[in-house]
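Work through these exercises with the model open beside you. Try each task before you read its solution.

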Amino acid sequence: MSEITQEQVTHLASLARIALTPEEIVSLTSELGSIMQHVATVTEVATPDVPATSHPIPLQNVFRDDVAGQTLTAEEALAGAPDHDGSRFRVTAILGEEQ
């Protein structure tokens, strides 16, 4: 039998401010009871000699190696800028200062 009652489901729904119909309460009571039974079954199987895992399969990095490549010179980078001072981009102030 379910460890979850309809009163508990109604209380949880009110705490979460979720409006549930009587049919939804009955359905969720059954579903949550089933979930609790499955959790109890898994808890019985998880003994201290079973190592804990965060993933069922090993993870590996799928990214390529970070290798430095050809970069732009300062002049090349600034060539397409609308405004610059010769070594840096010049942009409009955005800290509430009026222009």
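**Exercise 1. Salt bridges**

How many salt bridges does the count come to?

Solution. Keep in mind that this is a predicted model.

Step 1. Fix the rule: a side-chain nitrogen of Lys or Arg must lie within 4 Å of a carboxyl oxygen of Asp or Glu.

Step 2. Apply it to Asp83 and Arg90. Their closest N and O atoms are 3.5 Å apart, and the two form a salt bridge.

Step 3. Apply it to Asp85 and Arg88. Their side chains meet in a salt bridge at 3.1 Å, N to O.

Step 4. State the total. The count is two salt bridges.

Step 5. Recall the background. Side chains of opposite charge can pair when their charged atoms come close.

**Exercise 2. Exposure of the paired residues**

Decide for Asp83, Arg90, Asp85 and Arg88: partly exposed or exposed?

Solution. Use the cut-off: exposed means over 50% relative accessible area, and partly exposed lies between 20% and 50%.

Step 1. Asp83 has 35%, so it counts as partly exposed. Its partner Arg90 has 47%, so Arg90 is partly exposed too.

Step 2. Asp85 has 36%, so it is partly exposed. Arg88 reaches 55%, so Arg88 counts as exposed.

**Exercise 3. Elements and overall form**

List the elements of the chain, then compare its radius of gyration with that of a compact globule.

Solution.

Step 1. Count the elements. The chain has three helices and zero strands. From the N terminus, the order is α-α-α.

Step 2. Compare the radii. A compact globule of 99 residues would have a radius of gyration near 13 Å, but this chain has 30 Å.

Step 3. Look at the box. Along the principal axes, the C-alpha atoms fill roughly 75 × 45 × 20 Å.

Step 4. Check burial and surface. Buried residues make up 8% of the 99 residues. The accessible surface is about 9400 Å², and 59% of it belongs to carbon and sulfur atoms.

**Exercise 4. Helix H2**

Test the length of H2, then find its buried residues and what they pack against.

Solution.

Step 1. Locate the helix. H2 covers residues 22-45.

Step 2. Work out its span. At 1.5 Å a residue, the 24 residues of H2 should span 34 Å. The end C-alpha atoms are 35 Å apart, which agrees.

Step 3. Name the buried residues. They are Ile25, Thr29 and Gly33. These buried residues of H2 pack against helix H1, residues 6-15.

Step 4. Turn to the surface. Leu32 lies in H2. Its relative accessible area is 31%, so Leu32 is partly exposed. Leu32, Ile35 and Val39 form a nonpolar patch on the surface, with about 230 Å² of accessible area together.

**Exercise 5. Distances along the chain and in space**

How far apart in space are Gln37 and Leu72, and how far apart are Arg64 and Ala79?

Solution.

Step 1. Place Gln37. It lies in helix H2, and at 41% relative accessibility it counts as partly exposed.

Step 2. Read the first pair. Gln37 and Leu72 are 35 residues apart along the chain, and their C-alpha atoms are separated by 62 Å.

Step 3. Place Arg64. It sits in the loop between H2 and helix H3, residues 74-78. Arg64 is exposed, with a relative accessible area of 68%.

Step 4. Read the second pair. Arg64 and Ala79 are 15 residues apart in sequence and 30 Å apart, C-alpha to C-alpha.

Key
Residues are numbered from 1 along each chain as its sequence is written. This is a predicted model: local features need pLDDT of at least 70, side-chain atom pairs count only at pLDDT 80 or more; totals for chains, interfaces and linings use all residues. Side-chain values use heavy atoms; hydrogens and water are left out. Patches are made of residues with over 30% relative accessible area and no salt bridge: like charges are joined within 9 Å, nonpolar side chains (Val, Leu, Ile, Met, Phe, Trp, Tyr) within 5 Å. Accessible areas come from the Shrake-Rupley method with a 1.4 Å probe; for residues, only the protein chains shown count as cover. Helices (H or I, at least four residues) and strands (E, at least two) are DSSP runs, numbered from the N terminus. Buried means under 20% relative accessible area, exposed over 50%, partly exposed in between (1.4 Å probe, protein chains only). The radius of gyration is taken over C-alpha atoms; the globule rule is 2.2 Å times the number of residues to the power 0.38. The expected span of a helix is 1.5 Å times one less than its number of residues. Contact means heavy atoms within 4.5 Å.
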